[in-house]
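Open the model in a viewer and keep the sequence panel beside it. The stops below say what to select next and what is there.

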Amino acid sequence: MTVARTLTAVRRTLMALVGLQLTVAVALSLVDSYRRRGKRPKPFPVTGPGTVPVGDGEITTYTFGRDLYDDMLAAIDGAKKQILFETYIWKGDEIGWKFKTALAAAADRGVDVHCIYDGFANMVVSPAFKRFPPSLKVLRYPVWTAGLRVWDLRRYGRNHRKMLVVDEEVAFLGGYNIGSAYATEWRDTHVRITGPGVWDMKRAFADFWNLNRHHRLRRNDRPLLIETASDWDPHIRVHKNIPRQWNFPIRSMYLEAINRATRNIWLTTAYFLPDQDFVDALAEAARRGVDVRVLLPLKSNHIVADWISRGYYGQLLTSGARILRFKDAMVHAKTATIDGSWSTVGTANIDRLSLQGNYEINLEVIDPAFAAVMEEVFANDESNCLELTLSEWEARDLNRKFTESFLAPLRPLL
């Protein structure tokens, strides 16, 4: 009886602790949301679209949403056969309507248009905006994806991908969602590719569509088929996280590149909540003399993620890695460049949800010319950063240290 009472007391204590942690997290989010009301991001430095040849194609890099959206809409307007469009967030604002109208116009002129968006990410978007003409083939990835298989962890991943493929000629991929705020207020990175890599992007879209097309109301639709094969391009690889298959190659891609680094690792991410192996890889690289720099938002749009991510700063700073905090705007890019030859751009953040939970897609590029572009972008972002030093970190007050430690158990949820 005593043992049973002890176990009950322990369970109640743990439940109360978790409840208190969640309450603190919600309170921090509400306070932060109140403080942000009416505030507008300040101007931040950007680099114009730059194009370099890579293999048998080209890669254009975008760091300002308006430039990207103009070229994406131009590609949609010029489509002749097929458009494959996928996004995590699709706002029902001016930019969102521009994309919806352009896609509908393409379908009306006979282009085969497929669209995918995530239901959970767009719960607050007006239902009126999410009513599409029948000429568009639209897959709303549902809010609840597990069905009756509540125990199956493979069915809980969100569709966090953002991509556009047009006519087997051009593809766009990166961190930008679709919305007016992202056009001018957020610092993100996207790329436009041509050449054999476009086919890999098309396959990625088709694989997701065919795996989830039963969620569409019109279940008699035929699968999205790939008609021809593409050539291998040794400079470019597309990596896809597929939770349903328990397949997460993006994390392995990062770790392999980090472990091979000899000169520099310059990494940009919106949310930094890695597992311990990832932290150890960065710290070990710094200790062997690699120039490790991690660029993060000074204040992201998720304050709880900010608090939790700080738990890793001490390990990195002690090893010699540098932490750079982007000011005045939300940096949402998911990029890295290593040793002047290896780079990645994509949709995966350095957190558990992206690396071991969600559907994500990243482009891996092994090319010095593209790495030079990525280094230029990183240097430009660094000019707008505040560096966190080890002495500054160690001198933070007890209140901050306590809050970081108290919220640390929530890391596995993010």
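Select helix H6, residues 249-260. This is a predicted model, and in it H6 has twelve residues and runs 17 Å from its first C-alpha to its last, close to the 16 Å expected at 1.5 Å a residue. Now colour its buried residues: Ile 250, Arg 251, Met 253, Tyr 254, Leu 255, Ala 257 and Ile 258. When reading such a list, recall that an α-helix has 3.6 residues a turn, so residues three or four places apart point the same way.

Stay on H6 and show the side chain of Arg 251. Which residue does Arg 251 meet in a salt bridge? The partner is Asp 275, at 2.7 Å from N to O. Asp 275 sits in the loop between strand S12 (272-273) and helix H7 (276-287), and the two residues are 24 apart along the chain. Arg 251 counts as buried because its relative accessible area is 16%, under the 20% limit. Asp 275, at 23%, is partly exposed.

Step back along the chain to Trp 246, in the loop between S10 and H6. Trp 246 is not a glycine, yet its phi is positive, at about 50°.

From that loop, go to strand S10 (residues 236-241) and select Arg 237. The side chain of Arg 237 meets that of Glu 364 in a salt bridge of 3.0 Å, N to O. Glu 364 lies in strand S19 (residues 360-366), so the bridge ties together parts that are 127 residues apart in sequence. Are these two residues buried or partly exposed? Glu 364 is buried at 5% relative accessible area, while Arg 237 is partly exposed at 45%.

Next, select helix H5, residues 197-212. H5 has 16 residues and spans 23 Å between its first and last C-alpha atoms, close to the 22 Å expected at 1.5 Å a residue. Its buried residues include Trp 199, Phe 205, Phe 208 and Trp 209. Lys 202 and Asn 212 are also among the buried residues of H5.

Now move to strand S4 (residues 112-118) and pick Asp 112. Its side chain forms a salt bridge with Lys 137, at 2.7 Å from N to O. Lys 137 belongs to strand S5 (residues 137-141), and the pair is 25 residues apart. Both ends are partly exposed: Asp 112 has a relative accessible area of 23%, and Lys 137 has 30%.

Keep Asp 112 selected and add Gln 82, which lies in strand S3 (residues 82-87). Gln 82 and Asp 112 are 30 residues apart in sequence, but their C-alpha atoms are 4.6 Å apart in space. Gln 82 is buried, with 13% relative accessible area.

For a view of the surface, select Phe 120, Met 123, Val 124 and Val 143. These four form a nonpolar patch with about 400 Å² of accessible area together. Met 123 is found in the loop between S4 and S5.

Two stretches carry an annotation from a record. The unreviewed UniProt entry places "domain: PLD phosphodiesterase" on residues 155-182 and 327-354. Select residues 155-182: the span is 11% helix and 32% strand, and its end C-alpha atoms lie 29 Å apart. Residues 327-354 are 11% helix and 46% strand, with 24 Å between the end C-alpha atoms.

Within residues 155-182, find Glu 168, in the loop between strand S6 (163-166) and strand S7 (170-174). The phi of Glu 168 is near 60°, a positive value in a residue other than glycine. Glu 168 is partly exposed, at 24% relative accessible area.

Then show Asp 291, Arg 293, Arg 322, Glu 382 and Glu 387 together. Salt bridges link these residues in a network. The structure holds 19 salt bridges.

Finish with the cysteines Cys 115 and Cys 385. How many disulfides does the structure hold? The number is zero. For reference, a disulfide is a covalent bond between the sulfur atoms of two cysteines. Cys 115 is buried, with a relative accessible area of 0%, and Cys 385 is buried as well, with 15%.

Definitions and conventions: Residues numbered from 1 in each chain as written. Predicted model: local features only at pLDDT ≥ 70, side-chain atom pairs only at ≥ 80, totals over all residues. Heavy atoms only, no water. Disulfide = S-S within 2.5 Å. Buried < 20%, exposed > 50% of the residue type's maximum accessible area, 1.4 Å probe, protein only. Helix = DSSP H or I, 4+ residues; strand = E, 2+ residues; numbered from the N terminus. Patch = residues over 30% accessible without salt bridge, like charges linked within 9 Å, V, L, I, M, F, W, Y side chains within 5 Å. Areas by Shrake-Rupley, 256 points an atom, 1.4 Å probe, with all protein chains shown as cover. Expected span 1.5 Å × (residues − 1). UniProt positions renumbered as here; feature names shortened; annotations may be inferred.
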